[in-house]
Amino acid sequence: MLQVDFANLDASRIGPDQGVEWTRELEAAAPRLEAARDALWERAGDPAAMLGWVHLPEATDVLRSVQRFVLAQEGVRDVLVLGIGGSALGAKALDAALGGAGARLHFVDNVEPEPVAALLDRLDPAATLVNVISKSGTTAETMAAFLIALDWLRRALGPRWKDRVVVTTDPERGVLRPYAERHGLASFEIPPDVGGRFSVFSPVGLLPLALAGVDVAGLLAGARMAGALARADAGGNLPAQTALAQYLAWRKGQRISVLMPYSSRLALLPSWFVQLHAESLGKAYDRSGSRVHVGPTPLPAVGATDQHAQVQLFREGPFDKLVVFVRHREADRDLILPAEEGLEELGYLFGKSLFQLLRAEAAATAHALAEARRPNYTIVLEQIDAYHLGWLLQHLMWQTAFLGELFDVNAFDQPGVELGKRYTYALLGRPGYEELAAELARAGVEP
Ligand SMILES: O=P(O)(O)OC[C@H]1O[C@H](O)[C@H](O)[C@@H](O)[C@@H]1O
């Protein structure tokens, strides 16, 4: 089960200035949410709408081909995952939560030389598979890492380098697809109508996660639950409901959306969420072309760790945040705190378990925020496993799609990141970028 407790959004708990009358708001918004749902499902059939991610959990043929490929990888102990943004963050978050049973994943999602060099020094090319992932097949950081990895493999393995590379990219775009074909490399497709930040349940995430021993079938089964709920009427449509909560918070001036799982295993989940919300909802124009400059600012936090860092700000700082907690009901393992002579003051802990303490801290923090009139809600997972995380990630993707409808923006493009990339090309002397290079020179910008 995945449930959401909205009680700490309610004006009856946190007052009318920060809170909303949740039941009434949900009832009032139901026609709008249901219209958004219908529009999204209708557009899901149109490849130009970039809603292909909606169908990924049902793609059992892809799942099978990923699983077949993984079974055939003999002697692979490590996987070098080359990708950035949507081509890395989902698998990274899920590997941190669920990996460990299979190969070790190493993500290269930056171009800082020292860590890349140190990683290559540590790995044995004969036991390493390189998975280069890029939707566009052109991203400079990923291509740079790929050039380095190719050289590293070739030096060690000679012509056998080809057995150690698998390419995940768009069927048509970019330089990776023709390169894979030219060398007969193993490859997987990112469907054209699936954008990077919505691609975790395509081979972008499924392949490295399956190599890491994660139950990828379980992920997809959970993701299907989110899709089923996204078809429901407003009263049972959890993604529409959390989207509404986020939207109402924005309208009330709570412009920062904190995601705070109470779990170190989920510590990287907020980084994935940050890209999802920031690129999807941070927009200058609405769909009719009016300037709007909208978008909640996503902010990562981790409980209980951040109770000792950010919670001070959340509780006493500006009234500009909505805090979303993620908790789980059951621990896979637990540790009992033994009594210790000489530490009797800690008697309240003796005999309790670490998980009991974690749960108490989560409940206490949510209430302490509510008591200070800070809106928050809690997503409760039965446990941290593939099924529930599949559900949670697909839920958050659906939430984002609903928010795109509520803000009336295109949630599936990211025009704001282009100019920086083009300036980078200009600074590196890429042909075709001479005019931008001249502009940068006039402004005194140097690499
Ligand atoms: O998968 P790629 O095409 O290499 O893209 C990787 C990332 O780069 C871009 O800058 C986009 O803003 C992201 O949405 C994308 O996830």
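In this predicted model, the shell of residues around the ligand divides into two that are nonpolar, eight that are polar and four that are charged. Of the 14 residues around the ligand, those that come nearest are Ser87, Ser134, Ser136, Thr139 and Glu279.

Three of these side chains can be described through the distances that separate them from oxygen atoms of the ligand. For serine 136, an N or O atom in the side chain is 2.6 Å from an oxygen atom of the ligand, and for glutamate 279 a distance of 2.6 Å likewise separates a side-chain N or O atom from a ligand oxygen. In the case of threonine 139, a polar atom of the side chain lies 2.5 Å from an oxygen atom of the ligand. With a cut-off of 3.5 Å between N or O atoms, the pair formed with serine 136, at 2.6 Å, falls within the limit for a polar contact. On its own the ligand has 390 Å² of accessible area, and the protein covers 88% of this area. The ligand sits in the largest pocket.

Beyond the binding site, the organisation of the chain may be considered. The domain assignment of the protein chain gives two domains, of which domain 1 is made up of the segments 3-41 and 234-407, while domain 2 spans 52-214. The C-alpha centres of domain 1 and domain 2 are 31 Å apart, and the two domains are in contact through 23 residues of domain 1 and 17 residues of domain 2.

Technical notes: Residues numbered from 1 in each chain as written. Predicted model: local features only at pLDDT ≥ 70, side-chain atom pairs only at ≥ 80, totals over all residues. Heavy atoms only, no water. Near = heavy atom within 4 Å. Polar contact = N/O pair within 3.5 Å; in protein donor to acceptor, adjacent residues only side chain to side chain. Areas by Shrake-Rupley, 256 points an atom, 1.4 Å probe, with all protein chains shown as cover. 1 Å grid on protein atoms, 1.4 Å probe; cavity = no way out; pocket = protein on both sides within 12 Å on 5 of 7 lines; lining within 4 Å. Sits in = over half its atoms within 2 Å of the grid points. Nonpolar A, V, L, I, M, F, W, Y, C, P; charged D, E, K, R; others polar. Domains from an automatic or database assignment. Contact = heavy atoms within 4.5 Å.
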